[in-house]
Amino acid sequence: MDDQTCRDLLAAGAAAYARGDVAEALRTFDEVASAATGDLRTSAIINAASMSDELGKHAKAVDLYREALAVMPAGAIRMRPAALVNLSQALQHIGDLDGAQDALEQARELLGVDGEDQGDLRVACLLSLTAVAMHRQQWAHAADVATESLDAAVRFAPGLAGHPLMNLAAIHFETGRFDLSDDFAGQALAAFETAGDVNAVAETQQNLGIMRVRTGRLDDAEPLLLSSQTYFERAGIGHRAGIGSKVLAFLAEGRDEAERASALYRRSLDYFRGSGAVLDVADVETRLATVAFAEGRPDEGERLLAAAFATYRGLGLGLHCAQVDFWHATLLESALAASGTPDGAARATALAVPAAIAIDAVRYTLPNGRQREQWNREIADPAMQLAFRLAYASGDARLVADLVEAQCAGTTVDIGRAGHGTPLRLPLQLPDPPPVGAAGTDGSFLLGAALAGVAAGAGLPVPLPPRLAVTSDGRIVLGSSIAAAEERYGREVRDSRVVPAW
C-alpha cells in the first residue's frame, strides 16, 4: 500500500469517526496500521488505540498506545505527548491510576510551561490530570486543575471547552452542589453542540441524565438518556450503550415495570460482555438477580448472584464480594417475609453477618467525613441492620448478643432506620470501596474498640478495630463470623490485638 493510499484511508477513518461510526473507523485504522510504515503507521496505531478505547476495549488500547510509543522517533515533539495523554486515559479505564499519573507527568514535562503551538495538548493533559484527581476523590485538587484546564481551553482551544466544563459539573455534583453542577453541565452541552462534537454531546447527555437519576429527577433524566442511547447504539459504542441500557432499566425497575427492566438489563449485559467490561457485567448480574427474585424466579437469581460473586472473587475484590453477599441476604430475607415462614433464615444469616462485619470495617479506612457518611448511609448501616434482623429471625441468641456487644464497643447502628416498608432496590451507583491496605497508615492511633469507633466517625486515622474477648477463657465476640469474613473476602476485618470486654 503506497503512502497516498494510506493517507486517504486515514482520512476515511477520521470521517467515519466524525459521523459516529466508531467501529468502521477502527477497522480502517487497523488496515492502515498493518500495511503502512514510518509515521503513517504510528499515526494509524494511535488512532486505532483511540477507537478501541472509545469502544470499551481498554486493554487493547493500552497495548496499542505502548506499541506506538515504542516505535515513535525521539523527535516526535507533538505525537509523543499526545500518545502519553491518550495512554493515561486508557490506563484510567482499567484502574491503573499510578500508571496514568506517570504518563501525564511525562507528557506535561514534554509540553513545557507555555506556548500556543501545543495548547490543545496542554488542555488534554490537564483534563486527564483532573480525571485522575476525581478518581481518587481529591475534590479540591480536582476543582483547581479543572479550572486551570478551562482557562487553558478558552485561551488555546475553545473547541475543547466543553470537557473542563463537564468536569466541573461532575465535581460539584459529587460534592453536593447540584445547582452549580446543572449549570456547568448545561454550559458543557452547549459548548459541544457549538463545536459540532456529536460524540461528546451524547456522552454529556448520558452523564447529565445519570446525575438527574441519582438526584431523583427521573422525568428530566429520561429524554437525555433516550437521546444518547439512540446515538450510542447506532454508532456501535458498546460500553456506553451498556451504561445507557442499565440506567434505563433502573428507571423501569423503579416504576415497577419488571418485564421492561429485565429486557433492558439483559441488553446491557450483552453490551458489556461484548466490550469485555467484566465489572459492569457483575454489577448488572446483581441487579438482574433482584428482578428475578421479585418475579418469583429465585433459582435464576441465585445463579446470577453466584456469577457476580465469582467475577469479583476472581479479581480479588473482596469488598465487592461482601456487597454481593449483603444483597443476596437481603433478597433472601424478602423471600422469607413473603413466605411467612422462618425456613432459610439461618442461610441468610450466614451470608449477612460476615458481610456486615467486612462492610462496617471499611469506615476505619476512608480518608474523609463525606466518604464515611456516604458509605455508612448507603452500605454499612443497612448491612448491619440486616445482620441484626436475620440473627433475631434465626433464633440465635448468642449471635444477637455478640452483635450488640460489638456495636456497643464502637458506634451504634440506628435500627429505627431499617426501612422495612421500602421496596428492595440497589442504588444506581454504590460508593467505591478503598483498595486493600488503605488502613494502617503512618500516624494512625491505636485505640480500644470504643474509642476507635468514635475516632473513625470523627475522621481520625485509626487501624481496624481490635478483637473483643468477652470471657476469661478468651472467647472472641463474633469470632467465627470474623474468621468467615476474612476467609471469604480475602482481607482483614479486625486488627490482631485482643481487648478484654469483661
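Guide: Before we start, one term: a contact means heavy atoms within 4.5 Å. And keep in mind that what you see is a predicted model.

Visitor: Okay! What do the buried residues of α9 pack against?

Guide: By that contact rule, they pack against α7 (119-135), α8 (139-156), α10 (178-195) and α11.

Visitor: What makes α9 largely enclosed by the rest of the structure?

Guide: Just look at the count: 11 of its 13 residues are buried, so the rest of the structure largely encloses α9. Among them are Leu165, Met166, Ile171 and Phe173.

Visitor: How do you know that the span of α9 agrees with what it should be?

Guide: Helix α9 covers residues 162-174, and at 1.5 Å a residue its 13 residues should span 18 Å. The C-alpha atoms at its ends are 18 Å apart, so the two values agree.

Visitor: On to α2. Which of its residues are buried?

Guide: Val22, Ala25, Leu26, Thr28, Phe29, Val32 and Ala33.

Visitor: Why do you say they line one face of the helix?

Guide: Look down the axis of α2: the buried residues fall within an arc of 165°, so they line one face. As a general point, an α-helix has 3.6 residues a turn, so residues three or four places apart point the same way. Here, the buried residues of α2 pack against α1 (3-18), α3 (38-54), α4 (58-71), α11 (198-214) and α12 (218-235).

Visitor: Why is Tyr312 called buried?

Guide: Buried means under 20% relative accessible area. Tyr312 has 6% relative accessibility, so it counts as buried. You'll find Tyr312 in helix α16. Setting aside neighbours within four places in sequence, its contacts are Leu279, Ala282, Asp283, Leu317, His320, Cys321 and Val324.

Visitor: And Arg240, why does that count as buried?

Guide: The cut-off is under 20%, and Arg240 has 18% relative accessibility, so it counts as buried too. Arg240 sits in helix α13 (residues 238-254). Not counting residues up to four places away in sequence, Arg240 touches Glu203, Gln206, Asn207, Gln229 and Phe232.

Visitor: Then what makes Asp256 exposed?

Guide: Exposed takes over 50%. Asp256 has a relative accessible area of 71%, so exposed is the right word. Asp256 lies in the loop between α13 and α14 (258-275).

Visitor: What is the phi of Asp256?

Guide: Phi of Asp256 is near 60°, a positive value in a residue other than glycine. In general, most residues other than glycine have a negative phi.

Visitor: Why is Leu315 called partly exposed?

Guide: That label covers what falls between buried, under 20%, and exposed, over 50%. Leu315 has 47% relative accessibility, so partly exposed fits. Leu315 is in the loop between α16 (298-314) and α17 (318-339). With Val278 and Leu279, Leu315 forms a nonpolar patch on the surface, with about 250 Å² of accessible area together.

Visitor: How do you know that Glu67 and Arg41 meet in a salt bridge?

Guide: The cut-off is a side-chain nitrogen of Lys or Arg within 4 Å of a carboxyl oxygen of Asp or Glu. For Glu67 and Arg41 the N to O value is 2.9 Å, and the pair is a salt bridge. Glu67 lies in helix α4 and Arg41 in helix α3, so the pair ties together parts that are 26 residues apart in sequence.

Visitor: What does Asp325 form with Arg488?

Guide: A salt bridge as well, with the closest N and O atoms 2.5 Å apart. Asp325 lies in helix α17 and Arg488 in helix α22 (residues 479-489), so they tie together parts that are 163 residues apart in sequence. The relative accessible area of Asp325 is 2%, so Asp325 is buried. Arg488, at 29% relative accessibility, counts as partly exposed.

Visitor: How many salt bridges does the structure hold?

Guide: There are 26 salt bridges. One of them joins Asp402 and Arg475, at 3.1 Å from N to O. That pair links distant parts of the chain, with Asp402 in helix α20 (residues 397-409) and Arg475 in the loop between β1 (467-469) and α22, 73 residues apart.

Visitor: Last one: how many helices and strands are there?

Guide: The protein has 22 helices and two strands. Of its 502 residues, 50% count as buried.

Terms used: Residues are numbered from 1 along each chain as its sequence is written. This is a predicted model: local features need pLDDT of at least 70, side-chain atom pairs count only at pLDDT 80 or more; totals for chains, interfaces and linings use all residues. Side-chain values use heavy atoms; hydrogens and water are left out. Buried means under 20% relative accessible area, exposed over 50%, partly exposed in between (1.4 Å probe, protein chains only). Helices (H or I, at least four residues) and strands (E, at least two) are DSSP runs, numbered from the N terminus. The arc is that of the directions from the helix axis to the C-beta atoms. Patches are made of residues with over 30% relative accessible area and no salt bridge: like charges are joined within 9 Å, nonpolar side chains (Val, Leu, Ile, Met, Phe, Trp, Tyr) within 5 Å. Accessible areas come from the Shrake-Rupley method with a 1.4 Å probe; for residues, only the protein chains shown count as cover. The expected span of a helix is 1.5 Å times one less than its number of residues.
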